[in-house]
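Hi,

I am passing on the structure I mentioned, and you will find the sequence and the model just below. My notes on it follow, so have a look whenever you get a moment.

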Amino acid sequence: MIDVNTFVGGYPFRHVPHPEPAALVRVLERDRIDVAWVGHLPSAFYRDPAPGNRELRAQLASNKRLLRPVPVVRPDWPRWEHELRAAHDDGAPAVRAYPPQWGLGPHDAAMRELALATGELGMMLVLTVRFEDLRQRHALDVAGDLSAAAIRALARSGDRARIVVTAAGREMIEEVHWGLTPREQERVLWDISWIWGPPEDQLAKLFRTIGSRRFVFGTQWPLRLVQNPRANLDLLPDDVREMPLGSVERGA
Amino acid sequence: MSAPLAGTAPLIDAHAHFYYAGAGRSDWADLNAARFRAGERIGITYHVASVLGSYGFSSPTYFPSPDDVTAGNDAMLDIAAREQDRVRMYVTVNPNYTDHALHEIDRCVDRGAIGIKLLASRRADDPLLDVIADVAAERGLPVLHHIWQHRRREWPSQEISDGADLARLALRHPRANFILAHLGGGGDYAHTFPAVVDVPNVFPDVSGSGVDRGMLDGAVAILGAARLLWGSDLTMETGLAKLRALEVMGLDENALADIRWRNAVRLFPGGSFPRIAPNLGTHHAQHTALRAR
């Protein structure tokens, strides 16, 4: 089991307990998760992501088998291609991007270029719809959610694009999925960290309509309880409980 | 049948909802069936539930008309009667219709309701709620009050209250007990803890879709396990996740039992949960909460 949606580091708008790599290692062992893709949470709010990427690499250096670094690449920043190449050379399976936090609109050309360049290197592009529930956000947290239009635009950018969208809910997933051709749909995977279970059974409905292989395991630790997505899978109705999740390793 | 995912110890869901044909959803029966299915899998002994008028179909969810309130309560009475081994009922009322609200409380409590559900039809500290709180105290019925954690502004579709609003009502009615709805249901729970910590007749439930790390730790550290109730509201997977998180937080057996079921048994009228409980009286909850501090 790979958790594609974890971070280390603090969050600017509230205290998060123990967002350290050592704590994440203990959580993975306790919850029988084999590997985590790990981003650097403060970097989502930095203008220049390079210092955060260096910090991430340093923090994960002693645990790279378990904690795989997912650095940030900001495609409207000079020399972003070097940052992407460095991530690739460092063995990163993916890079993260935060268009709302950078003020990049849904049809930003630089984001499309990043999606293609990332895919070209055999890496995935991890996007974050939200870090917190809209209703609890700090007054200064005004970036807003990643839009469905932005995800559609990236999925349509070309065959090489491979995107993992984290922290999306059912409505956004359906809006994007059914707004893409079957070929474009194959470029997008969704993590299950924010999808509702019973009694609405939104995860089960998505498995039935879109297919379980479009979904991957993600928790959004340390912001959210690591137990939540597993509980969601445990409570699936019988007809979908054995359906396999998709894989980030083979990209579909 | 496999063992319940949350273990075999008693478990009371203090914040649940059911649906009916008048709710305007064609899948209403599926929703109810899903709650029972997931409840069995988790190991829920009792669902304490309400029906919220027509859920917006013929009047707004948080401002239900008297007719919708009555229809919803009728539906809830039917479900509770049909599922008496595992379902208990809150009577839902809209305090803007005082006579109707009081009549509904009488009517439904006489038929087995064990608590009162208040939505967001009127701010929690509004004097209009006093008569309902008086009845709640008199009859030993806890009041489950819909809450937005830290109300910083007005939000559409509801006259929302937060922990500070509910605390003012609770202070005026020290003999009544109030369940503060869904710590994980949106807003800033960190504001709620200090808002109610000194008001021993306010008992937050941990339900809601929010599963922020630190929320349960804060609730236990500041309020104590004797003040918290387990619940699921609209997301039962978050309820199961919170039970698992409480276990790894290192709470002792007593604290876990308090949150899982014992605080609910103390709060609701004696004899409400015969499959679990010794016949404890209503006001044990406040005494226990005070002792625990």
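**Where the two chains meet**

In this predicted model, 28 residues of chain B are in contact with 25 residues of chain A. On the chain B side, two elements give two or more residues each: helix H1 (28-42) and helix H8 (236-248) of chain B. The largest share of that side, eight residues, comes from H8(B). By type, the chain B residues that touch chain A split into twelve nonpolar, seven polar and nine charged.

**The core**

You may like to know which residues touch the most other members of the largest nonpolar core. They are A:Val95 and A:Ile163, in a core of 162 residues. The helix that stood out at the contact with chain A comes up again here: H8(B) gives the most to this core, with six residues. As general background, nonpolar side chains in soluble globular proteins tend to be buried together.

Leaving aside residues up to four places away in sequence, A:Ile163 touches A:Ala115, A:Met124, A:Leu125, A:Leu127, A:Leu154, A:Ala155, A:Arg187 and A:Val188. A:Leu125 also links us to A:Val95, since these two residues stand opposite each other, with A:Leu125 in S5(A). The strands concerned are S4 (residues 94-97) and S5 (residues 124-128) of chain A, which run parallel and are joined by four bridges. Strand S4(A) is covered on both faces: A:Ala94 and A:Arg96 are buried on one side, and A:Val95 and A:Ala97 are buried on the other.

**A three-stranded sheet in chain A**

Chain A also has an open sheet of three strands, ordered S1-S2-S3 with parallel pairing. Its edge strands are S1 (2-8) and S3 (67-69) of chain A, each pairing on one side only. From one strand to the next, the twist averages 35°. Five bridges hold the parallel pair of S1(A) and strand S2 (residues 35-40) of chain A, and A:Asp3 stands opposite A:Ala36 in S2(A). Across S1, S2 and S3 of chain A lies helix H2 (residues 50-60) of that chain, running at about 145° to S2(A).

**One helix in chain B**

Finally, take a look at helix H6 (residues 189-196) of chain B, whose buried residues are B:Tyr189, B:Thr192, B:Phe193, B:Ala195 and B:Val196. What covers them? The cover includes helix H5 (163-172), strand S6 (178-180), strand S7 (202-204) and helix H7 (215-222), again of chain B.

Happy to talk any of this through.

Best wishes

Conventions: Residues numbered from 1 in each chain as written. Chains lettered and ligands numbered in written order. Predicted model: local features only at pLDDT ≥ 70, side-chain atom pairs only at ≥ 80, totals over all residues. Contact = placed C-beta atoms within 7 Å. Nonpolar A, V, L, I, M, F, W, Y, C, P; charged D, E, K, R; others polar. Buried ≥ 20, exposed ≤ 12 C-beta atoms within 10 Å, placed from the backbone. Pairing = 2+ DSSP bridges. Axes fitted to C-alpha atoms, helices over the stretch in contact; angles between N-to-C directions. Core = buried A, V, L, I, M, F, W, Y, C linked by C-beta atoms within 7 Å.
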